[in-house]
Amino acid sequence: MSAFRVLAAMTSAAVTGALALAAPTAASAAAGTFVVSQAQFSQMFPNRNSFYTYQGLTDALSAYPGFAATGGDTVRKREAAAFLANVSHETGGLKYIVEQNTANYPHYCDASQPYGCPAGQSAYYGRGPLQLSWNYNYKAAGDALHIDLLNNPYLVERDAAVSWKTGLWFWNTQKGAGTMTPHDAMVNNRGFGETIRSINGALECNGNNPGERQDRINLYQNFAGVLGTDAGGNLSC
């Protein structure tokens, strides 16, 4: 449960309305072209929380259409496997929607930000598939996704598509502790190790926390196998 911790309003009804405007055919098309089938998703996450639906994931894909859709078949499958492996590590196999250590909750409000913490001092704890944390990350993700997550961070634990979108936001746009986004690492054949560096490199790369790092690698190799491809090189950081 570590990723966004180291990186450094639209109302609920309005969000529901906005999501309803998305054409069902577009969502169906996304599910139909996604390199991970529902059966494969279920195989990867047999004990997942019911909140993390396959439909929620495929509904979120429209936010970043290049995700797992760039390059050849092997590249697309490797990227999907890499994303879901890191997700699995962060959430205990999609069991956890929110950060389990509640003692950390008050720590994620950076009061020096001009917008402050309008949802409350303890409202910006880790949520979702990559455990979005800190008021400034909720602000940045919300701005990118056109959803006011700064004022309503609870959407990330209540709306499956929004939750998945926050994970895809980081994956496709943020470098974290690395030098490139995880998406760029995978589509440019830099290897799974670079995704670890971006997500939690300060704590898990350069010899730190080898057990945590190896768990991510093991999950990635397993998921790549589920998708019928090899994991490629540069697995560690």
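Aspartate 230 is partly exposed, having a relative accessible area of 45%. This residue belongs to a predicted model whose protein chain comprises 10 helices and 0 strands. Buried residues account for 52% of the 237 residues in the protein chain. The points below begin with the overall fold, then treat the packing of two helices, the salt bridges and helix α6.

**Overall fold**

- Along the sequence, the protein chain reads α-α-α-α-α-α-α-α-α-α.
- The secondary structure therefore consists of 10 helices with 0 strands, where a helix is a run of at least four residues and a strand a run of at least two.

**Packing of α5 and α10**

- Helix α5, spanning residues 73-91, packs with helix α10, spanning residues 210-226, at an angle of about 135°, and their axes lie 8 Å apart.
- This angle makes α5 oblique to α10, because it falls outside the ranges for roughly parallel (under 35 degrees), roughly perpendicular (65 to 115) and roughly antiparallel (over 145).
- The two helices, α5 and α10, cross in a right-handed sense.
- On the α5 side, the contact is formed by Arg78, Ala81, Ala82, Leu84, Ala85, Asn86, Ser88, His89 and Glu90.
- On the α10 side, the contact is formed by Glu212, Asp215, Arg216, Leu219, Tyr220, Phe223 and Ala224.
- Sorted by class, the residues in the contact of α5 with α10 are 8 nonpolar, 3 polar and 5 charged.

**Salt bridges**

- Over the whole structure, a search gives 8 salt bridges.
- One of them joins the side chains of aspartate 230 and arginine 78, at 2.5 Å from N to O.
- This pair connects distant parts of the chain, since aspartate 230 lies in the segment after α10 and arginine 78 in helix α5, 152 residues apart.
- Arginine 78 counts as buried at 16% relative accessibility, whereas aspartate 230 is partly exposed at 45%.
- Arginine 78 is also among the α5 residues that make the contact with α10.
- Another salt bridge joins the side chains of glutamate 204 and arginine 216, at 2.7 Å from N to O.
- This pair likewise links distant parts of the chain, with glutamate 204 in helix α9 (residues 192-204) and arginine 216 in helix α10, 12 residues apart.
- Both partners are buried: glutamate 204 has a relative accessible area of 1%, and arginine 216 has one of 0%.
- Arginine 216 is also one of the α10 residues in the contact with α5.
- Within helix α5, the side chains of aspartate 73 and lysine 77 form a salt bridge at 3.2 Å from N to O.
- Aspartate 73 and lysine 77 are separated by about one helical turn, because they stand 4 residues apart in helix α5.
- Aspartate 73 is partly exposed, with a relative accessible area of 38%, while lysine 77 counts as buried at 18% relative accessibility.
- The value for lysine 77 places it in the buried class because that class covers relative accessible areas under 20%.
- Asp73 and Lys77 also belong, together with Arg76, to a network of salt bridges.

**Helix α6 and its surroundings**

- Helix α6 covers residues 135-145, and its buried residues are Asn135, Tyr136, Asn137, Tyr138, Ala141, Gly142 and Leu145.
- Helix α7 (160-173) is included in what covers these buried residues of α6.
- Histidine 146, just after α6, adopts a positive phi of about 60°.

Notes. Residues are numbered from 1 along each chain as its sequence is written. This is a predicted model: local features need pLDDT of at least 70, side-chain atom pairs count only at pLDDT 80 or more; totals for chains, interfaces and linings use all residues. Side-chain values use heavy atoms; hydrogens and water are left out. Axes are lines fitted to C-alpha atoms, for helices over the stretch in contact, and angles run from 0 to 180 degrees between N-to-C directions. A crossing is left-handed if the near helix is turned anticlockwise from the far one by less than a right angle, and right-handed if clockwise. Contact means heavy atoms within 4.5 Å. Ala, Val, Leu, Ile, Met, Phe, Trp, Tyr, Cys and Pro count as nonpolar, Asp, Glu, Lys and Arg as charged, and the others, Gly among them, as polar. A salt bridge is a side-chain nitrogen of Lys or Arg within 4 Å of a carboxyl oxygen of Asp or Glu. Buried means under 20% relative accessible area, exposed over 50%, partly exposed in between (1.4 Å probe, protein chains only).
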